[in-house]
Amino acid sequence: MDATAATTAEEQPSMEEALPGGAKDQAMKAPRKMEALRKMDEAKHRSEGARSAMTSSKSMENVGAKFYELTVEERRKKYSMSARNSSYWLKVVARSHSDLSLQATAPIESPPVETLRSSSWKTVESQDTIDEPSCTSVDEAVFEHQRYQLVLGWGSKGCLLPLDPKKYATASYEAQFPVFPTIPLPSEGSDEGCGRWEWVTPWQIHVHADTDNDGWRYSTSFSHLRLESTACFGYHRKTTFCRRRKWVRRRLFVPLHSPSMLQPCGMDGVLLERKCGWLHKLGHRRKNWKHRFFVLDGSVLQYYTDDVSKAKTPKLKGEVLLFHKDTTVHYADEPATGRAFCFAIDAGAYSLLLQAPSELDREAWIYAIEDAILCRDSYCALDDQAADDRRSEVMRRRSLSATSVTASMGGVQDDDMHALYDAIVGLYHDATSHFVKKYKFHFQTTSKTEAVETKVVRALKSYRMFVERTLAKVLDRFCEHMKRQGNKDDAIEAVYYSAREASLRCIERVTFLPLHDLLYSMLQLSLAGGDAALAEFESRRRWLAEKPQSFFDIRPAHISPSNWGACTDKLNALDEHVLPSEKGLALVEAAKSIYAVFHAEHTSVNVEHLAADDFLPIFIYVLCQSSLTELPLTRRVLSETTISSIMIGEIGYYTTMLEAAVEFVCSYHG
């Protein structure tokens, strides 16, 4: 059956053979005709495209010819570059900000869709979205040794035998110390510019299942403890007269350009200032008061029988590790001690009762010891409630003690108020000094891989955010003090803004002044062209200074007979100030003088206020007449270091006008 079917299929004629002769010819010609029609359509479209391109080119040539036929002034006015077009220059100012966070609320034009196709603005703006490079962590270890005596107990001075290890030793026992050693961070990696080492924890006791609650392991000899033999126990026995515990501190290697580079880390106690002095100490056994010379070096408090600066071999009597997790310092009641100016240091089961010569000396010692404790707590997590409570208690006590010497707030004088601001800002002296040191470490060296402009943006933003946080804390402390003095909310509100300005100046004195040269050098490096760009700006401004007021599109009714001379003198005062807040106030004063001169010289003009389109041309003219130096740098310092709560007011408005005026001079090609 298969063979028959195959034969039948082969014998059937094709469709073309089955058609008549005429129909066969039409079927053959139809595809050729359709192909010819398609080619004709393509040729027609190509010719139309060519004609439209020629027309467009001719129209563009006509537009270009018309553009270049205009004079410079006509081009500026016709194509939105007039000094009177304040909205245009504000958009230019917004686009000129290198810090994208400053462009968030700026009225700039929407970017084309192509630039948003692969990523969002948030991804471009934030550095936190960059993958964190791998970081290497290392644990440093120090062993502490103690021997038991029947009379004196554990850890008394002189209890260790000559063949015993010293009180402290490194993990390999290569180095041994009578006092707790200072372990520096290694320098390898930092010198090559590829990153740095950072401490990420304070010194902590290593507690595990084979130790007691304080991290001690006990044995009959230190050799067993060193070898971790089976003769070691996690509890004290009658025959175990030796014990050892391990102090651990972790350091982390942070690669260059890692987001962790700008993340806040703890403050190392080594950065604290050394403090020395005589204090009376209550004995542990005999309970008699002894005169001892105390030395606070970092986070370790030591006391001797002699002055360490005068004695050749001072005799160490004891020490207190302030980074111990249970260390606290507090006042000691006079009725309980029988002496004035006493304070106590508690470190777990160990307590030290001390007496200072005066109230001021006691405050100074408590401040210094609290700084060491705050260094320890600075490594705690932000959600650590216990550490946060300790910090709050320290700040509250310092606020009370610092303000107790100032005058009462009822009818205070200006000197007393400034003393109060300085005292409150002084509470954050350690944080600001640490910020300045860390800031210089981050930004003083030039990176080989990071763009200069990116580095400058990070530097300015880091400074601005630190000042904002510190000012918020200072103002909270100020309001708390005012409430404790019995002042009502209305009275506090009446002095709040003056307190904000004075406190901001105090903060800038301890942050901006030490960083002034560094910030300006970075800004000058980021300026396209460097010194040549500054010289070009000054050249354009001098050329514009020779032009009349009408050249800047100042209305004829607004032209000043005095050429705004008084306003120019006010604006020149900007160079007399260094702090950004003071420069901002001077700028506001100069801007307001324009209104004052306008109303004094144009009494017949029925205008209460100058609009932005009227004010900007006058301000540009005054700027060109002034003798201010390095205006492009001053413009960035004012706009990118002034905190947001100040920028939303008058200073922010006139700073934007200053930016628009600088952009006008930079963009002008006469």
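Trainee: How many helices and strands are there in the protein chain?

Mentor: The protein chain has 21 helices and 15 strands. Both are DSSP runs numbered from the N terminus, helices being H or I over at least four residues and strands E over at least two. Please keep in mind that this is a predicted model, where local features need pLDDT of at least 70, side-chain atom pairs count only at pLDDT 80 or more, and totals for chains, interfaces and linings use all residues. Residues are numbered from 1 along each chain as its sequence is written, and side-chain values use heavy atoms, with hydrogens and water left out.

Trainee: What share of the protein chain counts as buried?

Mentor: Of its 670 residues, 41% count as buried. Buried means under 20% relative accessible area, exposed means over 50%, and partly exposed lies in between, with a 1.4 Å probe and protein chains only. The accessible surface of the chain is about 36,900 Å², and carbon and sulfur atoms hold 54% of that. Those areas come from the Shrake-Rupley method with a 1.4 Å probe, and for residues only the protein chains shown count as cover.

Trainee: Let's turn to helix pairs. Why is α12 called roughly antiparallel to α13?

Mentor: The axes of α12 (residues 429-443) and α13 (residues 452-484) cross at roughly 175° and come within 11 Å. Angles under 35 degrees count as roughly parallel, over 145 as roughly antiparallel, 65 to 115 as roughly perpendicular and the rest as oblique. The angle is over 145, so α12 is roughly antiparallel to α13. The axes are lines fitted to C-alpha atoms, for helices over the stretch in contact, and the angles run from 0 to 180 degrees between N-to-C directions.

Trainee: Which classes of residue make up the contact of α12 with α13?

Mentor: That contact has eight nonpolar, three polar and two charged residues. Here Ala, Val, Leu, Ile, Met, Phe, Trp, Tyr, Cys and Pro count as nonpolar, Asp, Glu, Lys and Arg as charged, and the others, Gly among them, as polar. Among the residues involved are F435 and Y439 of α12 and L460 and F466 of α13.

Trainee: What makes α17 roughly perpendicular to α21?

Mentor: Helix α17 (residues 580-601) packs on helix α21 (residues 650-667) at an angle of about 75°, with the axes 9 Å apart. That angle lies in the range 65 to 115, so α17 is roughly perpendicular to α21. Their contact includes L587 and V588 of α17 and I651 and Y654 of α21. By class, its residues are eight nonpolar, two polar and two charged.

Trainee: And why is α14 called oblique to α19?

Mentor: The axes of α14 (residues 489-526) and α19 (residues 631-641) cross at roughly 125° and come within 10 Å. This value falls outside the three named ranges, so α14 is oblique to α19. The residues in contact include F512 and Y520 of α14 and L633 and V637 of α19. Five nonpolar, three polar and one charged residues make up this contact.

Trainee: How do you know that Y520 is buried?

Mentor: Y520 has a relative accessible area of 12%, which is under 20%, so Y520 is buried. This residue is found in helix α14. Leaving out residues up to four places away in sequence, Y520 touches F512, K583, E630, L633, T634 and V637, contact meaning heavy atoms within 4.5 Å. Y520 and V637 are 117 residues apart in sequence, yet 8.4 Å apart in space, C-alpha to C-alpha.

Trainee: What makes L322 and T327 count as buried?

Mentor: L322 has 0% relative accessibility, under the 20% limit, so L322 counts as buried. T327 also has a relative accessible area of 0%, so T327 is buried. L322 is in the loop between β12 (316-321) and β13 (327-331), while T327 is found in strand β13. T327 is in contact with L322, I345 and I373, among others.

Trainee: What is notable about phi of W564?

Mentor: Phi of W564 is near 55°, a positive value in a residue other than glycine. Most residues other than glycine have a negative phi. W564 sits in the loop between α15 (531-545) and α16 (565-572). With a relative accessible area of 0%, under 20%, W564 is buried.
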